[in-house]
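Me: I am new to reading protein models, and I would like to learn how to go through one feature at a time. Could you take me through this one slowly?

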Amino acid sequence: MHKLAGIELGGTKTVVVLGQAGRIDERLEFATTEPEETIARAIETIEGWRDDKPVDAVGIASFGPIRVSREAADYGCLLDTPKPGWSGAAVVAPVAAALGCPVALDTDVNAAALAEQRHGAAQGCDSMVYLTIGTGLGGGVLICGEPVHGLLHPEIGHVRLRRAAGDGFEGACAFHGDCLEGLLSGPALAARLGTHPSRVDAENPMWEPVAHDLAELLAMLVLTVAPERIVVGGGVAQRQPQLLPMAVGRVPTLLGGYLRDCTREKLGGMIVPPQLGDDAGPMGALVLASRALEDRVAAVRHVPAAA
Ligand code: ADP
Ligand code: ZN
């Protein structure tokens with residue numbers, strides 16, 4: 001049985017776990033402070049769980065934007081981020097150097113997507129999207145079981161879509177105004193509703209344009225990714241459970257009769273809340289760790305025949 005560790009590096013807190021793919025045995029959470037201190041504390045925690053044997057692999061699920069393509073010179077480093085002190089910070093190299101085992105990296109949302117797909121609400125769905133609507137809005141995308149990477153990684157939260165007629169809210173994203181994050185994240189909703197969203201009743205008509213914007217996002221994902229499931233988590237989605245069915249109900253109209261079999265019933269079964277809750281990130285980090293070992297096995301098996 002492999003001994004795996006996971007680090008979920010969040011904008012506000014870091015969660016370090018020990019376990020196996022699908023099982024968390026030990027867990028420690030602490031505030032994300034400056035990079036050196038935070039990474040050192042994660043390493044120390046994992047070292048402390050060494051017992052008779054060190055960990056076999058580590059998975060890191062990080063906030064972004066972060067360079068995830070292994071060929072890049074700055075692989076494993078944060079890119080420009082508003083979080084003070086973290087732009088350019090190396091996340092993978094110090095962990096690999098200190099622990100001397102394979103280390104896998106992905107975004108927090110791609111890792112959560114892997115966890116929900118392996119162990120949660122998207123089992124059996126090779127192509128799926130995991131959305132989190134919380135302090136920000138992010139989306140992890142798996143296509144044929146693999147997290148999507150490319151130029152960088154998907155940044156679904158910063159897409160701008162068509163607004164509801166008569167909705168004049170200018171949006172709260174510092175970069176784009178009314179991108180999806182600027183419309184639907186917790187801070188955006190506080191600006192939009194004029195109060196903390198927890199103070200607005202589920203029946204209040206102020207939720208209608210919010211449901212419209214979420215429906216635009218869901219329709220866009222159905223059309224671009226063709227996912228078998230969309231898992232919608234995060235503090236906003238989980239604490240305003242009326243929003244998801246309101247949005248799903250609008251998707252067939254937005255699709256305008258195109259994709260006829262995307263009925264409300266079918267979409268209702270396809271677009272669902274998460275099953276792993278707050279464990280999706282740390283469990284995703286453990287899935288990444290197990291994938292790092294698979295990679296190593298594959299690399300050893302594929303040694304080219306001697307010339
Ligand atoms: P994070 O995105 O930082 O991981 P969460 O997913 O818990 O954290 O989301 C935090 C966000 O959820 C905050 O912006 C907060 O305003 C929002 N939130 C908290 N309670 C509610 C609520 N009852 N209704 C809607 N949004 C809420
Ligand atoms: Zn934006």
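**Reading the sheets, the metal site and the cysteines**

Reply: Let us begin with a sheet, keeping in mind that this is a predicted model. One open sheet here has five strands in the order 8-7-6-9-10, and the pairing within this sheet is mixed. Strand 8 and strand 10 (271–272) are the edge strands, each of them pairing on one side only.

Me: What holds the strands of a sheet together, and how do strand 6 and strand 7 run relative to each other, parallel or antiparallel?

Reply: The strands of a sheet pair through backbone hydrogen bonds, in either a parallel or an antiparallel sense. In this model strand 6 (residues 128–133) and strand 7 (residues 137–143) run antiparallel and are joined by six bridges. To see one of these pairings for yourself, find T132 and look across to G138 in strand 7, which is its bridge partner.

Me: Which helices lie across this sheet, and at what angles do they run?

Reply: Helix 3 (residues 108–119) lies across strand 6, strand 7, strand 8 and strand 9 (229–233), and it runs at about 55 degrees to strand 7. Helix 6 (residues 207–225) lies across strand 6, strand 7, strand 9 and strand 10, running at about 160 degrees to strand 6.

Me: What is the strand order of the sheet that contains strand 1, and which strands stand at its edges?

Reply: That open sheet also has five strands, in the order 3-2-1-4-5, and its pairing is mixed. At the edges stand strand 3 and strand 5 (103–107), and because each has a single partner strand, one side of each is left without a neighbour in the sheet. From one strand to the next, the twist averages 15 degrees.

Me: How does strand 2 pair with strand 1 and with strand 3?

Reply: Strand 2 pairs with strand 1 (residues 4–9) in the antiparallel sense over six bridges, and G6 stands opposite V17 in strand 2. The connection between strand 1 and strand 2 is a hairpin of three residues. Strand 2 also runs antiparallel to strand 3 (residues 23–31), to which eight bridges join it, and here V15 has E29 in strand 3 as its bridge partner. Strand 2 and strand 3 form a hairpin with two residues between them, and in that turn G22 has a positive phi of about 95 degrees.

Me: Where in this sheet can I find a parallel pair?

Reply: Look at strand 4 (residues 57–62) and strand 5, which run parallel and are joined by five bridges. One position to check is A61, whose bridge partner in strand 5 is D106.

Me: Why is strand 2 described as largely enclosed?

Reply: In a regular strand the side chains alternate between the two faces of the sheet. In strand 2, seven of the eight residues are buried, so this strand is largely enclosed by the rest of the structure. Q20, which lies in strand 2 (residues 13–20), is buried with a relative accessible area of 17%. If we leave aside its neighbours within four places in sequence, Q20 is in contact with M1, H2, L4 and L286.

Me: Which residues coordinate the zinc ion (ligand 2), and what geometry does its site have?

Reply: The zinc ion (ligand 2) is coordinated by H158 (ND1), C173 (SG), H176 (ND1) and C179 (SG), at 2.1 to 2.4 Å. The angles among the four donor atoms are 100 to 121 degrees, and the site is tetrahedral. Along the sequence, the donor residues are spaced H-x14-C-x2-H-x2-C. H158 and C179 are 21 residues apart, and each lies in the loop between strand 8 (146–147) and helix 4 (180–184). H158 is partly exposed, with a relative accessible area of 24%, whereas C179 is buried at 0%.

Me: How many disulfides are there, and why does C101 not form a bond with C77?

Reply: A disulfide needs two cysteine sulfur atoms within 2.5 Å, and by this rule the count is zero. The closest cysteine sulfur to that of C101 is in C77, and at 18 Å it is too far for a bond. C101 counts as buried, at 10% relative accessibility. C144 is likewise in no disulfide, with the nearest cysteine sulfur, that of C125, 13 Å away, and C144 is exposed, with a relative accessible area of 63%.

Notes. Residues are numbered from 1 along each chain as its sequence is written. Chains are lettered from A and ligands numbered from 1 in the order in which they are written. This is a predicted model: local features need pLDDT of at least 70, side-chain atom pairs count only at pLDDT 80 or more; totals for chains, interfaces and linings use all residues. Side-chain values use heavy atoms; hydrogens and water are left out. Donors are N, O and S atoms within 2.8 Å of the metal (3.2 Å for Na, K and Ca); water is not among the atoms, so sites may look incomplete. Four donors count as tetrahedral if all angles lie between 85 and 135 degrees; four count as square planar and six as octahedral if opposite donors are over 155 degrees apart and all others between 65 and 115; anything else is irregular. Helices (H or I, at least four residues) and strands (E, at least two) are DSSP runs, numbered from the N terminus. Buried means under 20% relative accessible area, exposed over 50%, partly exposed in between (1.4 Å probe, protein chains only). Two strands pair if DSSP finds at least two bridges between them. Contact means heavy atoms within 4.5 Å. Axes are lines fitted to C-alpha atoms, for helices over the stretch in contact, and angles run from 0 to 180 degrees between N-to-C directions.
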